[in-house]
Amino acid sequence: MSEPLVTFRNVEKRFDDFVAVRDMSLDIHEGEFLAIMGSSGCGKTTTLRMLAGLEAPTSGEIRIGGRLMNDVKPHERDTPLVWQSLALFPFLTARENVEFGLKMRGMAAAERKRRALDWLERMQIEAFAERNVATLSGGQKQRVALARSLVMEPRMLLLDEPLSALDANLVIRMQGVLTRLQRELGITFVYVTHSQSEAFAMADRVVIMSQGDIAQIGSPKDIYRAPANRFVAEFVGRNNILSGTVGETGGNGLHIDTPQGRFVAHMPETVPAQGAEVSFTVSADLVTLSLTEPEAVNKVQATLISEEFIGSVVTLFFEGADRLEFKVQMQERALLELDLEPGSAVWLSWEAENANILEDN
Amino acid sequence: MMGRGLNIFLGLYVGLIFAFVFAPILFSLVFSLNSQRFPTIPLGEFTLEWYVQIWNDEDVWQAVRNSVIVSSSTAVLATFLGFCTAYSDFRYNFRFKGPYLALILLPPTIPLIIMALAMLAWLSRIGLSGQLWSIILAHSVLTAPFAMALIRLRLHQMDPDLEAAAWNLGGSEWQAMRHVIVPFCAPAIVSALCLTAAISFDEFAVSWFVSGLNKTVPIVILEIVQGNIDPTVNAIGTFVFLTSMTLVILAQVIFIGRQIKSHS
């Protein structure tokens with residue numbers, strides 16, 4: 001792959017004693033949709049603000065297009081940001097808001113008006129061009145904010161939780177708008193969010209942050225199916241986490257002895273030593289449920305505790321020996337055939353290749 | 001219902017307060033249009049004589065000119081100072097910010113007579129007393145806190161991301177100031193201009209001490225009253241009152257009107 005558009009090299013950002021971002025190294029490539037995800041205070045917004053020049057790194061290097069950016073002022077950068085608060089100028093109309101950046105660049109009035117109207121039309125809000133932004137709805141404001149940034153024709157667009165103020169239906173619509181825009185324009189999107197569904201629905205790559213560190217970088221599928229560590233496994237999706245010690249390493253995979261018995265896991269790239277403590281995850285939707293003991297390598301017996309419906313998918317919570325807690329996700333239709341009720345004893349089983357060893361505990 | 005009775009009582013109470021505040025002014029207005037030399041009832045005939053007298057009085061004209069120059073210059077200077085302090089409070093965090101703000105808000109809490117004496121001592125020491133400029137400087141010190149309080153209130157309503165958004169879109173700090181901060185604060189700035197002008201236009205003690213021979217309107221009024229009983233003072237009083245009220249009401253309408261608009 002060619003030279004990355006953005007590189008973070010050992011970047012650290014401190015606010016007095018608080019470390020917001022710790023020793024971060026990250027490449028962002030031209031034309032990718034990168035999501036930075038984490039709970040509040042994890043350093044994701046600070047990372048974005050450093051890209052926009054609103055915070056300077058305490059140490060380390062940030063380069064954009066090869067140029068060292070540590071001390072470059074915000075207005076000397078080409079990194080428009082879509083703010084969580086939207087930060088539209090309340091005393092201006094929608095069109096004047098979109099024109100603002102072009103005006104700062106000194107573009108002639110007629111030309112900047114033409115471009116602003118083009119973008120408002122593209123965002124399907126040209127009818128509101130001459131309205132004061134304070135009178136627009138949430139979705140319309142959102143589109144003005146996008147148009148105001150994109151009219152600058154940047155190589156990279158920064159987005160800071162732009163959909164967090166919208167209601168659920170509108171979020172799905174705007175996700176569609178954003179992914180289509182990103183594909184059509186071919187520019188880099190760096191999208192900060194705390195929402196897993198937003199990140200996984202739109203991004204090519206997801207960076208998961210925790211307390212200033214990058215916990216994992218990967219495609220949504222990688223992160224979902226193969227979480228690297230306990231934090232990611234707990235943060236993302238419905239993972240069952242089991243811990244034990246490494247037994248003999250046979251040809252068919254890694255043998256792990258747990259309080260619930262011996263399980264076989266898919267052999268990881270770096271094989272842990274015999275006797276080492278390891279944990280592995282089994283995704284809730286990759287577990288098979290059967291009423292009689294199955295012919296499977298990995299199986300446990302468990303009792304149904306409760307059910308949780310989300311649309312057509314149901315999550316079942318089980319309890320097994322030695323305080324084992326297990327989650328299973330399945331189609332509601334399939335559940336009906338099994339005819340379970342709380343207290344039912346069942347067998348849970350999974351394939352060795354679906355057991356993912358965590359890199360660290 | 002109890003609420004109704006309470007409302008009537010509160011209405012009367014407010015009415016009484018207004019009567020108490022405005023009755024003397026109303027009397028002044030009535031007697032300024034009365035032909036009798038002494039303010040007594042029954043009233044004489046309706047007349048504009050006292051207004052004609054002050055219209056033809058060169059001293060009064062000179063005082064009005066002085067007052068207009070002083071109050072408009074004060075308004076501009078005090079509002080500028082007030083804006084700068086309010087912005088420094090909004091934008092920056094620094095040690096001793098509490099004492100900094102307290103010091104700025106101090107002047108109106110000092111008794112005017114003490115303020116006036118101190119101003120006179122200080123200005124004559126640096127050779128600036130007895131000029132129109134002296135009054136402008138002293139009034140600016142006195143009124144800047146009001147301007148700062150109004151503008152600070154407005155800045156607190158601003159999304160702090162707005163300024164950063166202007167930088168983010170390629171505006172330098174000065175451009176952001178000109179195209180975002182000032183337009184956002186415009187209603188407060190206009191209000192501050194009106195309010196500081198009104199305070200300066202009315203102010204007597206400080207003007208009297210530092211003005212030397214440059215009389216402003218309140219000083220002329222005092223001189224008229226000191227000399228003899230002269231109904232022209234009612235005419236001047238009415239004029240000063242209407243000027244100040246217009247400015248203050250303008251300030252209120254502009255500031256509160258905009259606030260309501262930005263909250264709806």
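Analyst: Before any label is used for this predicted model, one definition is needed: a residue is buried when its relative accessible area is under 20%, exposed when that area is over 50%, and partly exposed in between.

User: Why is Ala118(B) called partly exposed?

Analyst: The relative accessible area of Ala118(B) is 45%, and the term partly exposed covers values between the limits of under 20% for buried and over 50% for exposed. Because 45% falls between those limits, Ala118(B) is called partly exposed. The residue is found in helix α5 of chain B, which covers residues 112-125, and its C-alpha atom is 12 Å from that of Ala205(B), although 87 residues separate the two in sequence.

User: What makes Thr216(B) buried or exposed, and which residues is it in contact with?

Analyst: Thr216(B) has a relative accessible area of 3%, and the limit for buried is under 20%, so Thr216(B) is buried. Its place is the loop between α9 (205-210) and α10 (217-227) of chain B. Once neighbours within four places in sequence are left aside, Thr216(B) is in contact with Ala63(B), Asn66(B), Ser67(B), Ile135(B) and Ser207(B).

User: Why is helix α2 of chain A described as largely enclosed?

Analyst: Nine of the eleven residues of this helix, which runs over residues 94-104, are buried, and therefore the helix is largely enclosed by the rest of the structure. The buried residues of α2(A) are Ala94(A), Arg95(A), Asn97(A), Val98(A), Glu99(A), Phe100(A), Gly101(A), Leu102(A) and Met104(A).

User: What do the buried residues of α2(A) pack against?

Analyst: Their partners come from two chains: α3 (109-122) and α4 (138-150) belong to chain A, while α7 (161-168) and α8 (173-202) belong to chain B. After α2(A) comes Gly106(A), which has a positive phi near 85°.

User: What makes the phi of Ala87(A) worth noting?

Analyst: Most residues other than glycine have a negative phi. Ala87(A) is not a glycine, and yet its phi is positive, at about 50°. The residue sits in the loop between β6 (81-82) and α2 of chain A. With a relative accessibility of 1%, set against the limit of under 20%, Ala87(A) counts as buried.

User: What is the phi of Glu153(A), and is Glu153(A) buried or exposed?

Analyst: Glu153(A), likewise a residue other than glycine, has a positive phi near 50°. It lies in the loop between α4 and β7 (156-160) of chain A. Its relative accessibility is 58%, and exposed means over 50%, so Glu153(A) counts as exposed.

User: Why does Gln124(A) count as exposed, and where does Gln124(A) lie?

Analyst: The relative accessibility of Gln124(A) is 60%, and because exposed means over 50%, the residue counts as exposed. Gln124(A) lies in the loop between α3 and α4 of chain A. Its C-alpha atom is 9.0 Å from the C-alpha atom of Gln140(A), which is 16 residues away in sequence.

User: How many helices and strands does chain B have, and what can be said of the chain as a whole?

Analyst: Chain B has eleven helices and zero strands, and its C-alpha atoms fill a box of roughly 70 × 70 × 30 Å along the principal axes. Of its 264 residues, 39% are buried. Among contacts with a separation of 6 or more, 72% join residues 24 or more positions apart. The accessible surface comes to about 14,800 Å², and 73% of that belongs to carbon and sulfur atoms. The chain has 13 positive and 14 negative charges, whose mean positions are 11 Å apart.

User: Which residues of chain B does UniProt cover with the annotation "transmembrane region"?

Analyst: The unreviewed UniProt entry gives residues 12-33, 68-88, 100-124, 130-151, 180-201 and 235-256. In the model, residues 100-124 are 72% helix and 0% strand, with end C-alpha atoms 27 Å apart. Residues 130-151 are 91% helix and 0% strand, and their end C-alpha atoms are 32 Å apart.

User: What feature does UniProt place at residues 6-236 of chain A, and which domains does the assignment give?

Analyst: UniProt, in an unreviewed entry, places "domain: ABC transporter" there. That span is 36% helix and 26% strand, and its end C-alpha atoms lie 26 Å apart. The domain assignment gives domain 1 (6-225) and domain 2 (238-357), and the centres of these domains, taken over C-alpha atoms, are separated by 40 Å.

Conventions:
Residues are numbered from 1 along each chain as its sequence is written. Chains are lettered from A and ligands numbered from 1 in the order in which they are written. This is a predicted model: local features need pLDDT of at least 70, side-chain atom pairs count only at pLDDT 80 or more; totals for chains, interfaces and linings use all residues. Side-chain values use heavy atoms; hydrogens and water are left out. UniProt positions are given in the numbering used here, feature names are shortened, and annotations may be inferred rather than shown by experiment. Helices (H or I, at least four residues) and strands (E, at least two) are DSSP runs, numbered from the N terminus. Domain bounds come from an automatic or database domain assignment. Buried means under 20% relative accessible area, exposed over 50%, partly exposed in between (1.4 Å probe, protein chains only). Contact means heavy atoms within 4.5 Å. Accessible areas come from the Shrake-Rupley method with a 1.4 Å probe; for residues, only the protein chains shown count as cover. Lys and Arg count as positive and Asp and Glu as negative; His and the chain ends are not counted. The place of a charge is taken as NZ of Lys, CZ of Arg, CG of Asp or CD of Glu.
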